[in-house]
Amino acid sequence: MSRIVFVNGAFVPYEEASIPIMDRGFLFGDGIYEVAAVIGGRLVDEAAHLARLDRSLKAIEIANPYSTAQWTELMSELARRNDLDQGLVYVEVTRGVAERDFPFPPAGTPPTVVMFTQAKQIVGAKAAETGVAVITTPDLRWKRRDIKSVALLAQVLAKQEAARAGVAEAWMVEDGYVTEGSSSTAFIITRDDRLVTRPLSNAVLPGITRLAVMKLADEMQLTVEERLFTVEEALAAREAFYASASAIVMPVVAIDGTAIGEGAPGPLTRRLRALYLDLAGDGALASRFA
């Protein structure tokens, strides 16, 4: 059976889906996206993802076409139609279709809305059992990284550099400090068991998984510090990991070829991942942190 996608109000077979070439998402990267995980056929923390979607749309002045309840119903239905047990639901909203010109199109131009699913093993992922390596790269992105824009060229280049190096992710660096991964939030655990991640600002995306991980760490009675950290501090850390909707909590065992800690997933990282997956699998993540 063909994969079913969602385009502008309709569920259609993937092969029949199309977007006009004058769509501003294609021409200018003028749009916003979100990605929510699905575990056991159930959306994970979708309310927080949809709140971030709404915030990003407001930041670039695109009217949100659906309410949170409507989005949730549509995303759930798409996952159901694709019989998705584990994976991702991708959502994109662009400023719509208009003759190519830099200023916004006339008022009333409807936004383009696209959704699709991707199957992905999240629970029991082999990479999480062994840990992964990352490299560092210069952060070349624009100054409003808190907006989840579809304009991702700098991230694409960073991901390609990581792929060429044979590693899973690139941690981007600015002025000597780690900002975040090319598609994830970067964390370290210091030798005295402090969980450190960069504070929110225009320099980083407010990660949804980031927030849940910090709350779980607090329940584990770990000291959580939102502050900048250098590459050198990361290299000296006891443990490191990155977090995202697709990776959940992914142990990092090497940075730029240097082993982190004992070069294997650390106990605190493994515990954070297990706690998150337990809550997500039970559908209790959102209610736990409401």
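What share of the contacts in the protein chain with a separation of 6 or more comes from residues 24 or more positions apart? The answer is 71%, where contact means heavy atoms within 4.5 Å. Before I go on, a word on what we have here. This is a predicted model, where local features need pLDDT of at least 70, side-chain atom pairs count only at pLDDT 80 or more, and totals for chains, interfaces and linings use all residues. Residues are numbered from 1 along each chain as its sequence is written, and side-chain values use heavy atoms, with hydrogens and water left out.

Okay, the overall picture. The protein chain has 290 residues, and its radius of gyration is 19 Å, which agrees with the value near 19 Å for a compact globule of that length. That radius is taken over C-alpha atoms, and the globule rule is 2.2 Å times the number of residues to the power 0.38. Along the principal axes, the C-alpha trace spans about 55 × 40 × 35 Å.

How much of it is buried? Of those 290 residues, 50% count as buried. For us, buried means under 20% relative accessible area, exposed means over 50%, and partly exposed is in between, with a 1.4 Å probe and protein chains only. The accessible surface is about 13,600 Å², and 54% of that belongs to carbon and sulfur atoms. Those areas come from the Shrake-Rupley method with a 1.4 Å probe, and for residues only the protein chains shown count as cover.

Charges, quickly. There are 30 positive and 37 negative ones, and their mean positions are 1 Å apart. Lys and Arg count as positive, Asp and Glu as negative, while His and the chain ends are not counted. Each charge is placed at NZ of Lys, CZ of Arg, CG of Asp or CD of Glu.

Now the secondary structure: nine helices and 15 strands. These are DSSP runs, numbered from the N terminus, with at least four residues for a helix (H or I) and at least two for a strand (E). Two strands pair if DSSP finds at least two bridges between them.

Let's look at the open sheet. Six strands make it up, in the order E2-E1-E6-E5-E3-E4, with antiparallel pairing. At the edges sit E2 (10–13) and E4 (42–43), each pairing on one side only.

Strand E1, residues 4–7, is a good place to zoom in. On one side, two bridges join E1 to E6, residues 112–119, and the two run antiparallel. Phenylalanine 6 has methionine 115 as its bridge partner in E6. E1 also pairs with E2, again antiparallel, over four bridges, and there isoleucine 4 stands opposite proline 13.

So what about the faces of that strand? In a regular strand the side chains alternate between the two faces of the sheet. In E1 both faces are covered: Ile4 and Phe6 are buried on one side, Val5 and Val7 on the other.

The E1–E2 hairpin has two residues between the strands, and asparagine 8 takes a positive phi near 50° there. Asparagine 8 counts as partly exposed because its relative accessibility is 44%.

There's another positive phi, at glutamate 61: about 65°, although this residue is not a glycine. Glutamate 61 is in the loop between helix H2 (46–59) and H3, and with a relative accessible area of 61% it counts as exposed.

That brings us to helix H3, residues 68–81, home of tryptophan 71. Is tryptophan 71 buried or exposed? Buried, because its relative accessible area is 1%. Leaving out residues up to four places away in sequence, tryptophan 71 touches Leu50, Leu53, Asn64, Pro65, Tyr66, Val91, Val93, Val113 and Met115. Met115 is familiar, being the bridge partner of phenylalanine 6.

Alanine 69 is in H3 too, but that residue is exposed, at 56% relative accessible area. Its C-alpha is 8.8 Å from the C-alpha of alanine 47, which is 22 residues apart from it along the chain.

Last stop, strand E7, residues 132–138. E7 runs parallel to E14, residues 248–255, with three bridges joining them, and valine 134 has isoleucine 255 as its bridge partner. E7 also runs parallel to E8, residues 169–174, through five bridges, and here threonine 136 stands opposite tryptophan 171.
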